Each structure stands twice: as C-alpha cells, then as structure tokens.
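Subject: Structure for your review

Dear colleague,

Please find the sequence and structure below. I would be grateful if you could read my notes alongside them.

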Amino acid sequence: MFEEHIIRRSRWYIRRLYSWFFNLLMQSYWDEIEDCKEKVFNKLSEKAEKVLEIGIGSGPNMRYYAARNANLNLLGLDPNPKMKKYSRKSAAKAGLKPKNFKFKQGVGEAIPLKDNSVDAVVATLVLCSVSDVTQTLKEIKRVLRPGGVFIFLEHVAAKDGSMLRRLQKLLDPLQQRLADGCHLTRNTRERILEAGFSGGVKIETYSMCSFPWITRPHIYGLAYKTRNF
Ligand SMILES: C[S@@+](CC[C@H](N)C(=O)[O-])C[C@H]1O[C@@H](n2cnc3c(N)ncnc32)[C@H](O)[C@@H]1O
C-alpha cells in the first residue's frame, strides 16, 4: 500500500517536472524544426474546421492553427493533465479564441471521437511516446473524415548498424524514464507506411543539428484518407 503510494507520488512528480521542463527548455528545438513544420502545416486546408492534435503537450503548434482559419476548432488530447495549463496559455498567445480550443485528457490509442469526424489529425513528437503505435494509427484513420489528412513530425531510430543507433539502444531505457515514456528506437516511418492510409503517404527526413542530437533523424509528412474510402 505504502509502496503503491510512493510509486504514484513519484510518477506525479515526473509528470509535473516533465511538463515544466518541456515547456521551458524546448524553444531552441522548436525554432530549428520550424521549417519542417511550416511545410506540413501549409497543407492544412483553410477549410479545415475540426482538428484533433494528439499528445498536444504545451501546445507549440497553436500558431499554425490560428493562422489557418479563425473558425478552426481544435481539440487537444493528452494523457498528462498538467499540459492543460500550458496548452491553454499557448492557444491564447497564438490568438486562438478560447471557445475554439478544448483540452481533453486521453490517449491516442482510444480517441474519444466518432468515426469520420475530423478534418485533420496532428501528432508532433508523439508516436515516440504512445504505448501502441499501430493502435494509435488505426484510431487516427478511424476519426479522420474521408479527404482528411494526418500531419506528423516524429523522431525515429537512426540507421540500422550505425553508431548512433547503438547509442540510442543503450540510452532507450533511460530516455523512457526521464522523458515520460519516449522511445529512441522506434521505426515510425515503417509503421505509418504499413498503416494503410488510403490516399497515400508523403514522408521527408530531417537531421536535427541542435539538442537533442540523440533523437536524430526526424521524419515529417502527410498521410491522406481518400474521399471515397
Ligand atoms: C515529446 S511530447 C510532445 C508534445 C508536443 N506534441 C510537441 O510537439 O512538443 C509527447 C507528448 O505525448 C503525450 N503522450 C504520451 N503518451 C501518449 C498517448 N498514449 N497518447 C497521446 N499522447 C501521449 C505526452 O503526455 C506528451 O505531452
């Protein structure tokens, strides 16, 4: 009983600390990744009205939504309730009307939305952290309306056999502990390609220069669900 309490308490501290750390120290990272984000968010239709962002974290993507459509309704899903405060602040700073942004505690593996109900799903640096990548992609496909787009940006495992890949394998358990379940060795590109997005998938690769170098390389892109699907 006492042990359980200690474990719950330490998890609470890690989540609290992580949300604070993430919000404070990620700015240089977000600055560097901006060009990649611009490219994919440019494909978010100005007509998109309902958008879901899974693993929204502290909300670093808010300005892309606000710039797109003043009437866009964004649902931010994240299992960490501590992200609510930060994502709300980011939404307000980006000029998203309070009525147009809702935060919900939840996971990508069980999205609390109806089939075919959103114009776009966004995930940036999230598939590294979910418990089940395949199930999350299945859920994304389910909630996307025909003609909808999945916008993603993720860090993935380095090339097989490379020194970096070996280092990632070594540091993976530590990374999971320190970064709230984030994995360094996921083959997310392959998982997205296998997921069966009926309208096709476009993926680009980018190698980060700045911290955190251990998360090289990144992939970013778009996956579509066809209209007649
Ligand atoms: C590295 S952060 C990325 C946050 C933000 N998307 C960004 O680009 O900075 C990973 C986020 O995924 C969330 N997360 C972890 N497991 C998840 C799951 N199963 N479903 C959805 N989000 C999850 C974490 O709480 C965290 O906010």
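The notes below cover the sheet, the helices, the ligand site and two points of backbone geometry.

Please bear in mind throughout that this is a predicted model.

The sheet

The sheet is open and has seven strands, arranged in the order β3-β2-β1-β4-β5-β7-β6, and its pairing is mixed. The strands at the edges are β3 (101–105) and β6 (200–206); each has a single partner strand, so one side of each is left without a neighbour in the sheet. From one strand to the next, the twist averages 15°. At the β3 end of the order, β2 (residues 73–78) and β3 run parallel and are joined by five bridges. Within this pair, L77 stands opposite K104 in β3.

Helices against the sheet

Two helices may be of interest here. Helix α2, which spans residues 27–41, lies across four strands, namely β4 (118–124), β5 (144–155), β6 and β7 (218–224). Its direction is at about 25° to that of β7. Helix α4, formed by residues 83–94, lies across β2 and β3. The angle between helix α4 and β3 is about 165°.

The ligand site

The ligand is surrounded by 20 residues, of which G55, D78, G108, E109 and T124 are the closest. By type, the shell divides into eleven nonpolar residues, six polar residues and three charged residues.

Three of the polar approaches may be worth locating in the viewer. D78 places a polar side-chain atom 2.6 Å from an oxygen atom of the ligand. T124 likewise has a polar side-chain atom 2.6 Å from a ligand oxygen atom. In the case of G108, a polar backbone atom lies 2.9 Å from a nitrogen atom of the ligand. On its own, the ligand has 600 Å² of accessible area, and the protein covers 96% of this.

Backbone geometry

Two loop positions deserve a separate entry. The peptide bond from R216 to P217 is cis, with omega near -10°. P217 belongs to the loop between β6 and β7. The other position is N116, which is not a glycine and yet has a positive phi of about 50°. N116 is located in the loop between β3 and β4.

Yours sincerely

Technical notes. Residues numbered from 1 in each chain as written. Predicted model: local features only at pLDDT ≥ 70, side-chain atom pairs only at ≥ 80, totals over all residues. Heavy atoms only, no water. Pairing = 2+ DSSP bridges. Axes fitted to C-alpha atoms, helices over the stretch in contact; angles between N-to-C directions. Contact = heavy atoms within 4.5 Å. Near = heavy atom within 4 Å. Polar contact = N/O pair within 3.5 Å; in protein donor to acceptor, adjacent residues only side chain to side chain. Areas by Shrake-Rupley, 256 points an atom, 1.4 Å probe, with all protein chains shown as cover. Nonpolar A, V, L, I, M, F, W, Y, C, P; charged D, E, K, R; others polar.
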